[in-house]
Every structure is written in C-alpha cells, then in structure tokens.
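Colleague: Give me a close look at one part of this model, starting from a single pair of strands and working outwards. I'd like the cut-offs along the way.

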Amino acid sequence: MTAAPGIVVIGGGPRGTGVIERIAANARELYGDLPLDLHVVDPHPAGGGRIWRPDQSPLLWMNSMAEHVTMFTDETVELAGPVVAGPALDAWAEDVRAGRITPDADPAVLAEIHGLAGADFPTRRLQGAYLRWTYERALAALPPGITVHEHRTTALAVTGPRGGRQRVRLQDRPEPLLADLVVLTVGHLDAEQEPEQKGLADFARRHALVHLPPDFTADSDLDALRPGEPVIVRGFGLAFVDLMVLLTEGRGGRYGNGEYLPSGREPVLYVGSRRGVPYHAKISYPWTGERPPLPQHLGPEWTEELLKRTGPLDFRRDIWPAVAKELGHAHYHRLFTTRPQRTALAHEVFAEKYAAADPGSPELAGLIAEAVPDPADRLDLDALDRPLEGVRHDSPEALQEALRAYITADLARRHDPEHSEDLAVFLGLLSAYAQLVRLGDIGSWWHGFFSYLASGPPGPRLQQLLALSRAGVVRFLGAGLTVETDEEQGLFRARSATVPGAHTEARALVEARLPDPSLRHTASPLLRALRDGGAAITDDGLLAVDPGDSRVLDDEGRPHPRRFALGPFTTARSSGAFTRPRTGGPAFRQNDAAARAALAFLRDHSCRGRLAS
C-alpha cells in the first residue's frame with residue numbers, strides 16, 4: 001500500500017496555526033478527499049507555540065487590546081481562497097462566558113477570560129488559549145482524508161532532492177519524517193552570539209560579571225541580576241517592558257495610588273537605547289468618523305513599479321519618500337476633516353496640491369507650511385523617530401525629569417482623541433506595511449520604526465515606568481547609548497550623547513531585545529542546515545522566499561518546489577501572525593497563497609504519481 005502524501009509544518013505557533021487554518025479552508029476545493037498526512041513539529045504546545053505558551057508569568061501582557069486581535073480572515077484580506085470568519089479575541093471570550101466555547105485552559109486563565117473586556121490588554125497565556133482553540137478549530141475543519149500528527153520535539157534539518165520527498169530529521173527520533181512538502185513557520189530565532197555579543201560574554205566570564213544577550217525575556221536567566229545592584233539595560237522597546245515587569249512586580253513589588261512600593265529585591269535598571277525613549281504608548285481611543293482613503297500614494301501599482309526595477313532598492317532613496325507622503329496623507333486628511341479651524345486652506349485645494357507635489361520636495365514642504373500654520377499640527381516623522389536628537393542635559397537628574405515629562409506628554413496625547421490624526425497615521429502605517437512586505441528585504445530600519453510608532457506598550461505600562469522612575473528603580477540614560485568594557489576595573493560602562501560627560505558603571509549588562517532574525521548568526525540547526533545547503537540569504541541574513549507563494553529561493557533565485565517558509569526570518573516578513581480585524585492582514589494573504597500552492601502541488605504532482613503507482 002502506498003503511503004499517503006505528507007506535509008510537515010515546522011513551528012506550531014500562531015504562524016503555523018494560520019497556515020493550517022488556510023489549508024483547512026482551501027483543502028476541499030484544491031485537494032478534495034484525497035489522503036494526506038499533516039505533521040506539526042514544535043517542542044511547545046501547538047497553537048501558541050513558544051511565545052504564547054501557557055506556562056509563563058501572568059504578569060506578561062499582550063501589547064494589543066482584546067478587540068484588536070484576530071486570527072481570522074475577513075473581506076478586507078486579499079485572498080484567492082475563501083474567507084472563513086471567526087471571532088476576534090474579545091468576541092471569543094464572550095463566547096466562552098456564554099458557554100458556546102469551552103477552551104483548553106487552566107482555571108486561572110478561565111478566570112481571566114471571564115473578566116476580559118474589549119479594551120483590556122490580555123495576558124500572553126490567555127492569548128495562548130485563544131490560539132490553541134484556533135488551532136483545534138482548524139484541525140476540526142480539515143477534510144476526513146487528512147490525518148494530523150503532532151511531534152513535541154525540535155526539527156534539526158531538512159534534506160532531500162528538489163524532485164523528490166523531503167526528509168525532516170527530528171531531535172528525538174532515529175528515523176526522519178518523510179514529506180512531499182515542508183513549511184517552515186519557526187517564528188523568532190534563537191541566535192548564536194554575534195562578534196560584539198561574543199566579546200561581551202567573554203569579558204563577563206573573565207571578570208565574573210553578568211551578561212544577558214538578546215533573548216525572549218521570559219527565557220532569560222533573570223535570577224543572575226541581584227537586588228539593589230545597578231544593571232545597564234540596552235534597549236527600550238517591548239523586551240525592556242517585560243524585563244521591567246519581571247524584575248519589579250515579579251519580585252514582589254506592587255503599585256498603590258500611582259506609586260511603586262518596592263519589595264527590596266529589585267535591581268536598579270539603567271536603561272538607554274539609540275532613541276533613548278520608550279516606544280510610543282498604544283492609542284487607547286476608538287476611531288470615529290471618516291477614514292482616510294488608503295492606500296493613496298503607496299498602492300499596489302507603486303509596488304509593482306518598484307518590483308520591475310533592476311538592481312537593489314535603496315530604502316531611503318526609493319521607498320521612504322513615498323511612505324512619508326502616504327503617512328502625511330493620512331495625517332492631514334484627518335486634520336482637515338476633523339479640525340478645519342487649525343488649517344488655512346480648503347481641504348479640496350490642499351488635497352489636490354498635496355497629491356501633485358513630489359514626495360520630499362520643497363513644494364510639498366511649502367504647501368504644508370502654508371496650509372497648517374501651527375508646526376505642532378504638522379507631521380514631523382524625523383522628530384517622532386528621534387525625539388532626543390540634539391537634546392543635551394547638564395546632569396543625569398535633569399534627564400530624569402525631562403524624560404518623565406516626555407513620557408507623561410506621550411501618554412496624554414495617545415489617550416486624547418483631540419489628536420486623532422495619530423490614529424490616522426497608525427492606519428497609514430498598517431496600509432504601508434501591507435505593500436512593503438511585497439518588496440522583500442528592505443532593511444531593518446523600517447520594521448523598527450513601525451514597531452516604535454505603532455506597536456508600543458499599553459499605556460498602563462508607561463504609567464508603571466513613571467512610578468518606577470520616581471522610586472529610583474529605573475534610571476534613564478538617554479539616546480545614542482554606547483557600552484564599553486573596562487578590563488582594569490572589570491566592569492561595564494555606559495555613556496549617552498544626551499548627558500555629555502556622564503557615565504554609568506555596572507557589573508551586569510542586559511541586551512533587552514530579541515535576537516536579529518538573521519540566518520547568518522542563528523542557533524537553529526534547522527536553519528543553519530538550510531543556509532549551508534544553498535538557500536539564498538540576503539545581506540541582512542534573511543531567508544529569501546518567493547513573494548508570490550513563499551517558496552524558498554536558492555542562490556540562483558529558483559523557488560524550491562517542496563519547501564516553503566513564512567515569518568520574520570524571511571524576506572516576506574510581516575508585522576505579525578495575527579492582526580486587527582478588518583485591516584487586511586498581510587500575513588493572512590501570505591498564509592493563503594502558501595497553503596493553496598502546497599495543496600495544488602500535492603494534487604497535481606505528488607498525489608498523481610503516488611495514486612498511479
């Protein structure tokens with residue numbers, strides 16, 4: 001008897017779950033009732049995977065409101081396959097409370113679900129329960145000919161010829177899995193130490209110091225950071241927020257009347273970064289009124305025109321001017337339609353002239369200056385990106401006061417619908433991201449800028465940061481942070497451009513960020529084997545994939561017929577495996593294209609040959 005064709009999905013987190021959901025949605029049309037073995041490989045529970053696993057601290061939150069999270073397609077997503085509606089996280093929680101859904105979750109998570117409101121920021125373990133339910137729903141929707149096999153282990157390598165079955169070697173299984181197709185959805189990568197990090201680690205070992213390299217914060221050895229001791233923290237994004245939470249509330253501290261009450265077990269966190277400020281708080285108010293028409297200057301036609309060009313694209317020269325104009329369009333559309341008293345031209349006149357002006361041109365700048373008299377009402381992306389550029393303080397204490405004022409002002413603005421042009425820019429960022437993922441590897445700056453402006457922490461986290469600053473548990477270092485090693489004294493030393501002449505010394509250094517999604521420095525044997533086996537890698541270390549269906553490309557640009565890859569380690573990296581409802585989720589589009597290509601391949605090639613044999 002001939003074995004059934006097989007697909008191996010390596011990575012059972014939200015991206016792998018999304019691909020399986022799309023396989024289920026498309027299987028009857030493209031594959032019928034033919035037999036198929038679907039293998040899911042992940043050492044963590046399928047659905048949530050590593051990041052959203054159930055056994056993590058309840059102190060760790062998502063950075064999205066429950067009503068802004070969905071794993072399901074809608075009519076805004078560009079799909080060749082069918083839309084299969086499903087509940088966003090808040091609606092799912094309501095279904096649980098009403099008894100229509102019974103999730104696989106422990107009593108503590110069920111208690112969280114029963115108290116969840118749409119504007120709440122859920123815990124990560126609650127999101128893991130939603131993802132697990134989504135995964136189980138996708139399995140239940142598969143045709144009866146598809147049999148699912150879960151493997152709670154790690155994939156070590158994929159080998160096999162382009163024209164034949166692939167062999168997936170697993171950590172604890174002597175014989176490899178045989179598969180007609182392999183889909184890699186491994187999510188964020190662990191990394192071998194880059195040269196700088198290796199040097200810092202070697203220095204720390206020689207002097208009995210603590211050095212925590214880039215990592216998922218929940219998996220870092222935070223017990224090595226001792227109470228009361230200074231810790232230099234490089235990075236001010238979401239990884240820092242997790243670190244801050246686990247080293248304060250996670251060590252018994254608590255908040256009362258807006259102040260932090262220490263437990264005495266906290267270290268003192270000296271934090272800085274390139275920008276020197278935390279990511280912008282999540283916007284808390286809902287959208288009302290007319291939406292800016294998007295995309296306007298950054299649509300599919302613009303993207304197709306860029307893709308036709310020969311030679312590499314330069315982000316600042318070829319892409320950023322159009323992005324800036326698109327974000328400006330969203331900002332000024334909202335300003336003119338909701339605050340016309342703050343403008344000096346008729347909206348129709350401004351819109352016509354704005355559309356005609358070249359991106360980044362003096363004409364465009366002059367038009368904005370004429371039409372929007374108050375500079376505070378203009379969109380200044382450079383100032384948003386680098387708010388401490390050129391700012392200098394004469395003492396560390398002056399910086400503490402100034403940065404507390406900056407964070408307070410940011411919180412006030414992000415909670416005030418009088419500044420709803422900020423929310424319009426957020427929608428513009430989502431629209432731009434959907435186009436830019438089609439361009440492949442455009443460098444890391446854009447992804448960092450998007451996260452800084454659009455994917456920051458919940459407002460309450462920044463309120464906590466202010467309280468920790470007032471309590472002296474967190475100290476701000478400023479922008480342009482550099483860290484050096486002192487062999488003679490055996491310690492780390494941090495300096496910042498914001499407070500010239502000042503420095504901070506510590507026996508502990510934490511790199512508060514995820515590892516770069518680079519296959520050049522990955523610790524994954526699976527991806528190292530893929531890299532060394534001839535898969536194409538970009539200058540930034542991303543795995544090159546076909547933008548149409550996410551097939552892995554080789555050094556000659558040929559798509560591998562039997563290997564697919566989706567996620568942040570590829571050139572088709574997108575902003576997340578789940579998204580806000582009704583925002584066109586580019587990851588959903590990619591999942592659908594890959595699933596349809598895989599099913600069509602099995603139907604037209606592998607299945608035909610096997611069933612005929």
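Take strand S9 and strand S17: in which sense do they pair, parallel or antiparallel, and over how many bridges?

Modeller: They pair in the parallel sense: S9 covers residues 230-234, S17 covers residues 508-511, and 3 bridges join them. Bear in mind that this is a predicted model, where local features need pLDDT of at least 70, side-chain atom pairs count only at pLDDT 80 or more, and totals for chains, interfaces and linings use all residues. Residues are numbered from 1 along each chain as its sequence is written, and side-chain values use heavy atoms, with hydrogens and water left out.

For the labels, helices (H or I, at least four residues) and strands (E, at least two) are DSSP runs numbered from the N terminus. Two strands pair if DSSP finds at least two bridges between them. Within your pair, isoleucine 232 stands opposite leucine 509 in S17.

Now zoom out a little. S9 and S17 belong to an open sheet of 5 strands with parallel pairing, in the order S8-S17-S9-S12-S13. The edges are S8 (210-212) and S13 (474-478); each has a single partner strand, so one side of each is left without a neighbour in the sheet. From one strand to the next, the twist averages 20°. Angles here run from 0 to 180 degrees between N-to-C directions, with axes as lines fitted to C-alpha atoms (for helices, over the stretch in contact). Helix H5 (residues 195-206) packs on this sheet and touches S8, S9 and S17, where contact means heavy atoms within 4.5 Å. The direction of H5 makes about 155° with that of S8.

H5 turns up against another sheet too. That one is open, has 3 strands in the order S14-S15-S16, and pairs antiparallel. Its edge strands, S14 (482-486) and S16 (504-506), each pair on one side only, and the twist averages 25° from one strand to the next. S15 (residues 491-495) is joined to S16 by 3 bridges, running antiparallel, with arginine 493 opposite glutamate 505 in S16. H5 touches S14 and S15 here, and its direction makes about 135° with that of S15.

Go back to the 5-stranded sheet and leave it by S12, one of its members. In the loop between S12 (268-272) and H7 you'll find histidine 297. Its relative accessibility is 18%, so histidine 297 counts as buried; the classes are buried under 20% relative accessible area, exposed over 50% and partly exposed in between, with a 1.4 Å probe and protein chains only. Skip the residues up to four places away in sequence, and histidine 297 touches Trp302, Ala322, Lys325, Glu326, His329, Tyr354 and Ala355.

One of those contacts, Tyr354, is also touched by tyrosine 332. Leaving aside neighbours within four places in sequence, tyrosine 332 has Phe350, Ile368, Val372, Asp377, Arg378 and Leu379 among its other contacts. Tyr332 leads us into the largest nonpolar core, which has 45 residues; Ile319, Tyr332, Leu429, Leu436 and Trp446 touch the most other members. By core I mean a set of buried Ala, Val, Leu, Ile, Met, Phe, Trp, Tyr and Cys residues joined through side-chain atoms within 4.5 Å. Helices H7 (300-307), H8 (315-338), H9 (347-356), H10 (362-371), H13 (421-436) and H14 (445-454) are the elements that give this core two or more residues. There's also a second, separate core of 41 residues, with Leu222, Phe236, Val271 and Val499 among them.

For contrast, here's another parallel pair. Strand S1 (residues 6-10) runs parallel to S2, joined by 5 bridges, and valine 8 stands opposite histidine 39 in S2. S2 (residues 36-41) is mostly covered, with 5 of its 6 residues buried. Histidine 39 lies in this strand and counts as buried because its relative accessibility is 10%. Not counting residues up to four places away in sequence, histidine 39 touches Ile7, Val8, Val9, His149, His151 and Leu177. From histidine 39 to threonine 147 is 108 residues in sequence, yet 8.4 Å in space, C-alpha to C-alpha.
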